[in-house]
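Please walk through the structure shown here, moving from the packing of helices on a sheet to the contact between chains and then to a pair of packed helices.

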Number of protein chains: 2
Amino acid sequence: MVVERNDRRPTLEAVAARAGVSRATVSRVVNGGAGVRPAVRERVARAVAELGYVPNSAARSLVTRRTGAVAVIIGEPEERVFSDPFFGRQLRGIGRELAAADTQLLLLLVESRADRPRIGRYLAAGHVDGALMFSLHHDDPLPSVAARAGLPVVYGGRPGWAGAADDPGVRYVDTDNRDGARQAVRHLRERGRRAIAVITGPPDQTSAADRLAGYRDALAPGAADPRLVADGRFTADGGEAAMDRLLDAAPELDAVFVCSDLMASGALRTLRERGRRVPEDVAVVGYDDLEPAAWTDPPLTTVRQDVTEMGRLMARMLLREVADPQDAGPAAVVTPATLVVRGSSG
Amino acid sequence: MVVERNDRRPTLEAVAARAGVSRATVSRVVNGGAGVRPAVRERVARAVAELGYVPNSAARSLVTRRTGAVAVIIGEPEERVFSDPFFGRQLRGIGRELAAADTQLLLLLVESRADRPRIGRYLAAGHVDGALMFSLHHDDPLPSVAARAGLPVVYGGRPGWAGAADDPGVRYVDTDNRDGARQAVRHLRERGRRAIAVITGPPDQTSAADRLAGYRDALAPGAADPRLVADGRFTADGGEAAMDRLLDAAPELDAVFVCSDLMASGALRTLRERGRRVPEDVAVVGYDDLEPAAWTDPPLTTVRQDVTEMGRLMARMLLREVADPQDAGPAAVVTPATLVVRGSSG
DNA sequence: TGCGCGCGTGAGAGCGCTCTCATGCGTTGG
DNA sequence: CCAACGCATGAGAGCGCTCTCACGCGCGCA
């Protein structure tokens, strides 16, 4: 026997019938109730409550062309997303800002290559009013899918593809990586260090490229030395290996600017193993100011970025564009970086 | 000057006109193309490609009553979600299973109390076909909101409210916490331990309650001793404090079963501080088998649960119910727990 | 040659909502 | 006392899609 499940949820029509008014009036009440006599509004509100009416989002967004939701897309495998406190803090900022605008945050994880088409379709199909994108490789197809669909997007960090920085249609929030790096290196120079090495991230990430540029900016004229540059791939192990290579190539180095705290933790390990004292023999400055940075021995001097605030800014930018695509507002916002001096730099 | 942005995306109508067929035929092609002559199908496909047509999800789900998306709801603040590898691994299992069914995973974070109504509305409004819920407090309103909306839900871990376990309408995937605890305690007894203490989690979480029950099951008859039970609240600090209390109350204890690895790390700290050797004086068994468990000194004997597999099972259960609400299938699945013996238990 | 059948296609209703516009009522001012 | 106005309400179109049903064509069979 097939049970006829009549679990159709109540419609506007049903509420209207119960309250003895028209659909239009119920709609008005549900959407704020302006221009409805208090007595009627009251009656409708009661009917809504009694039936447990909730507007059907599909029907509503079919006509309003709005969904009240925005997607956050992180192009990293779960293992990184769920172990790096960076994303958590950024999401907190985003979440708060969106909640204030009564907008639902949908987190979409892009793990494998195969996820892209599905997510692209999801975006293009109009499930969301906009998207925030992070950590996409420069050849990721999602930005162009979004652009073709006319979907507002704000990027976390300056996107890497050619021309992105100058395209006023590409909106992003970034921190001043270049200046942060400059501060770090200047600080090392002020402490009297002269042979300052750098451990960089993957050159195809703009944050890594910018930090390297800042390092070069702040170096003494003529102090640039290719032996003092090593790629640590933004991982702890990579940092460890890079430090090894640097010490082999340039044993005389007396400082190292490491472009992420994670890599710095690896570099510290190598320095300890090879008997270099920090900061006496080699001063170390990291980048990011993750919590564990303060736990290292000695505590890590590093560069802080206000990640939560960046999240807020991204959300605000997106909401503004969603509300009014005409009103452009700034295409990019760059937040300052601050040096946090601890023991590792002497 | 206001630019008339005609960025309306192409509709079925437009594709139909271009291909010289009716809307119905285009719809057929878009949805698989069964019963359409190859030549026509080809023509339509070309028109779709040329116009970059993507079906409007709102219109579609208005009639199909399907969205092709399911929500994952985690009732924890971001800081926990994004630092506990547990969720990441579970999400990987879920994500794989959903991707195979071409279903989009939406992660909804519930941080503050104020988020609930919005999320409740999101679920009730029909944005998703079903939901997976984790870590909800037993008084969380979301389950009842979902139930009222007729939304299929599968819980991660047996839900805690009264009667949940016996209600065939409540579906969940859990691990056999009770048996895992039994194995742990039995193992300690086999190693000759007699005064076996336990550090539990919050009693309102079913996993904590079940593990405590398993501990009691496996104890020697008459060996139950209230001095040997302490609540560590599932945190490292809580475990540290609980161990302190246990040693004060029952200095003769020769083993402790700690209901989570995190708490065990705290307990190990206390034992070291108070000069008890592990495992010679006090044997320790944890629970969860998080990665860091193997890093402790000595490496932690613990109980492993296949978290990724649990995620898969949850997703599969949900998809099955979404596909056919009649076909109930099992209301609950309990996966086995396995003891992993390392150095801390002697 | 005639009838019926099956298959490919189109016409059109309807999903649940919003929004415009018309309508009807009460109110005010001349 | 009537015209004019404003405000609350209702009627109805239409958002973009799916799906049922009817239609017409070509075929096989009697």
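In this predicted model, helix α10 of chain A, which covers residues 206–218, lies across β6 and β8 of chain A, and its direction makes about 175 degrees with that of β6(A). With angles over 145 degrees counted as roughly antiparallel, α10(A) and β6(A), at about 175 degrees, therefore run roughly antiparallel to each other.

The two strands touched by α10(A), β6 and β8, belong to an open sheet of 4 strands in chain A, whose order is β7-β6-β8-β9 and whose pairing is parallel. The edges of this sheet are formed by β7 (229–231) and β9 (283–285) of chain A, and because each of them has a single partner strand, one side of each is left without a neighbour in the sheet. On average, and with direction ignored, neighbouring strands of the sheet are turned by 20 degrees against each other.

Between β6 (residues 196–200) and β8 (residues 255–258) of chain A, which run parallel, there are 4 bridges, and in this region A:Ile196 is found opposite A:Ala255 of β8(A). Helix α9 of chain A, residues 177–190, also packs on the sheet, where it touches β6, β8 and β9 of chain A, and its direction is at about 165 degrees to that of β8(A).

Turning to the contact between the chains, 44 residues of chain A are in contact with 44 residues of chain B. On the side of chain A that touches chain B, two or more residues each come from α4 (57–64), α5 (78–81), α6 (85–100), β2 (104–109) and α7 (115–124) of chain A, and the element that gives the most is α6(A), with 7 residues. By residue class, this side of chain A is made up of 21 nonpolar, 11 polar and 12 charged residues.

Two packed helices are described by the angle between their axes and the distance between the axes. In chain B, helix α11 (residues 236–249) and helix α12 (residues 261–273) pack at an angle of about 45 degrees, with their axes 6 Å apart, and α11(B) and α12(B) are therefore oblique to each other. The crossing of α11(B) and α12(B) is right-handed. Among the residues that make this contact are B:Ala236, B:Gly239, B:Met243 and B:Asp244 on α11(B), together with B:Leu262, B:Ser265, B:Arg269 and B:Leu271 on α12(B). Taken by class, the residues of the contact of α11(B) with α12(B) comprise 7 nonpolar, 5 polar and 4 charged.

Conventions
Residues numbered from 1 in each chain as written. Chains lettered and ligands numbered in written order. Predicted model: local features only at pLDDT ≥ 70, side-chain atom pairs only at ≥ 80, totals over all residues. Pairing = 2+ DSSP bridges. Axes fitted to C-alpha atoms, helices over the stretch in contact; angles between N-to-C directions. Contact = placed C-beta atoms within 7 Å. Nonpolar A, V, L, I, M, F, W, Y, C, P; charged D, E, K, R; others polar. Parallel < 35°, antiparallel > 145°, perpendicular 65-115°, else oblique. Left-handed = near helix turned anticlockwise from the far one by under 90°.
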